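Please look over the structure below, starting from the whole chain and working toward single residues. The paragraphs that follow start with its aromatic residues and then turn to the sheet and one of its helices.

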Amino acid sequence: MTRSSNTGDTPAPDGPPVPDVDVVCLGESMVTFLPSRPGRLADVPSFDRAIGGAESNVACTLARTGHTARWISRVGTDGFGDHLLAAIADCGVDTRHVRRDPRRPTGIYFRTAADRATDTHEVAYYRAGSAASAMTAADLDPAAIRSGRILHLSGITAALSADCLGLMRELTARRPGRPLLSFDVNYRPGLWREPAQARALLELARGADLVFVGDDEARDAWGLHGARAIAEALPEPDTLVVKQGKAGATVFQRTTGTDRRRDAAASTATFVPSLNVDLVAATGAGDAFAAGFLSATLRGLPVRTRIRHGHLWAAAALTVPGDLATPPGRAHADRLADLDDEAWGRLHLGPGWTAADTSGRRADEEVRTR
């Protein structure tokens, strides 16, 4: 699914580099250990190995649906680094620009089976001093970073180290010729020593063209309450996606021709309700939503359809236990995204729905009422 050409490394005669992939995702991925049964980490006897990382999740999900994706990062020269590179490449992602660090390890983490939103959820990160935490603008290939139609970043990278925060500031600076810059705030309280430091995420988001943020993240990190308040605090991005949990998502689009320092009144707002799903685990749903929205953006679909694709791909992640789910096939997702509002509201998805054979079936026949 990846392309072997390096045309993205060569500037066009009168413009920026010609993209050779759809999306470039930059950030840390880790080897994830998932519990073999529910319970406290202290009580779980064994774990299954998987991979996890916001940006690589997006790259893998997009590649699995036919988009070309490149992942850029650093991993150790250890076996965990070998596993990450093999697993992500197996999804169809170009990993040629991932650097190997012989002095620093690949990050790993353990988590419980409980939903992240509950008090019983535990995560144990072993990423301090990881290879990815040493990423700087100086040791990454700038041509490779600019080689996609979209460059997708996450606020998790900014929390890893001072060097990584500097890298993110460099990448989100508005400069001519950069790709469309997508930024998922991805606020993780445990990664920031002081809550006030998370204000840096607001600065980074203001430099992006497309921003994803949960209303809970904006409340906890920035003290903002409600989608409208978030839009007023982020006037610069062309597109702002505010995820509102089980309620749905609202997208604010800057009115063409208005100044970037607009207020929320200069934006059009589109709300689409979430789907009813049989929840297995919430981990990875935000990454899947971003991938679905980016996929529809690459295809030039209307904003309402982009949000619906985000909800559908999130539903794929919500109905599996791991961080990385197989998204619905493009034709299947398109049929569901085209449902009328009443049928969309009745749609109920459970485990295995993305693998269902839907050939020859109308979308309204796939709807299971609550």
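The model shown is predicted, and it holds eight aromatic pairs. One of them is formed by F47 and F110, whose rings meet edge-to-face at 5.2 Å centre to centre, with 80 degrees between the planes. F47 belongs to strand 3 (residues 47-52) and F110 to strand 7 (residues 108-111), so this pair ties together parts that are 63 residues apart in sequence. Neither ring belongs to a residue in the buried class: F47 counts as partly exposed because its relative accessibility is 25%, and F110 counts as partly exposed because its relative accessibility is 22%. Buried would require a value under 20%.

A second edge-to-face pair consists of F212 and F293, at 5.6 Å centre to centre and 90 degrees between the planes. F212 lies in strand 11 and F293 in helix 9, so here the parts tied together are 81 residues apart in sequence. Both F212 and F293 are buried.

Returning to F47 and F110, these two belong to one aromatic cluster together with F33, F80 and Y126. The strands around this cluster can be followed by their pairing. Strand 2 (30-35) and strand 7 run parallel and are joined by three bridges, with T32 standing opposite Y109 of strand 7. Strand 7 also pairs with strand 8 (residues 123-126), this time antiparallel and through four bridges. Y109 appears again in this second pairing, where it stands opposite Y125 of strand 8.

What lies in the loop between strand 2 and strand 3? P45 is found there, and P45 is classed as exposed because its relative accessible area is 59%, where the class begins over 50%. P45 and P35 are 10 residues apart in sequence, and their C-alpha atoms are 8.0 Å apart in space. Once its neighbours within four places in sequence are left aside, P45 is in contact with S36 and R37.

Next comes the sheet. Eight strands form an open sheet of mixed pairing, in the order 4-1-9-10-11-12-13-14. Strand 4 (69-72) and strand 14 (267-273) are at the edges; each has a single partner strand, so one side of each is left without a neighbour in the sheet. From one strand to the next, the twist averages 15 degrees. At one end of the order, strand 13 (residues 248-254) and strand 14 run antiparallel and are joined by seven bridges. Within this pairing, T250 stands opposite F271 of strand 14.

Helix 9 (residues 285-298) packs on the sheet. Helix 9 touches strand 1 (21-26), strand 9 (148-154), strand 10 (180-184), strand 11 (210-214), strand 12 (239-243) and strand 13, and its direction makes about 150 degrees with that of strand 11. The pair of F212 and F293 described above joins this helix to strand 11.

One residue of strand 12 shows how such neighbours come together. T239 lies in that strand. Is T239 buried or exposed? T239 is buried, because its relative accessible area is 12%, below the limit of 20%. Apart from neighbours within four places in sequence, T239 is in contact with D209, L210, V211, V251, F252, Q253 and F293. F293, which pairs with F212, is thus named among the contacts of T239.

Helix 5 (residues 162-172) can be read by its buried residues, which are C164, L165, L167, M168, L171 and T172. Viewed down the axis of helix 5, these fall within an arc of 155 degrees, so they line one face of the helix. Their packing partners are strand 1, helix 3 (142-145), strand 9, helix 4 (155-158), strand 10 and helix 6 (199-206).

Some totals place these details in the whole chain. The secondary structure comes to 12 helices and 16 strands. Of the 370 residues, 57% count as buried. Among contacts between residues at least 6 apart in sequence, 71% join residues at least 24 apart. The accessible surface of the chain comes to about 15,500 Å², and carbon and sulfur atoms account for 50% of it.

Methods:
Residues are numbered from 1 along each chain as its sequence is written. This is a predicted model: local features need pLDDT of at least 70, side-chain atom pairs count only at pLDDT 80 or more; totals for chains, interfaces and linings use all residues. Side-chain values use heavy atoms; hydrogens and water are left out. Two strands pair if DSSP finds at least two bridges between them. Helices (H or I, at least four residues) and strands (E, at least two) are DSSP runs, numbered from the N terminus. Axes are lines fitted to C-alpha atoms, for helices over the stretch in contact, and angles run from 0 to 180 degrees between N-to-C directions. Contact means heavy atoms within 4.5 Å. Buried means under 20% relative accessible area, exposed over 50%, partly exposed in between (1.4 Å probe, protein chains only). Accessible areas come from the Shrake-Rupley method with a 1.4 Å probe; for residues, only the protein chains shown count as cover. The arc is that of the directions from the helix axis to the C-beta atoms. Rings of Phe, Tyr and Trp (its six-membered ring) pair if their centres lie within 6.5 Å; planes under 30 degrees apart count as stacked, over 60 as edge-to-face and the rest as tilted.
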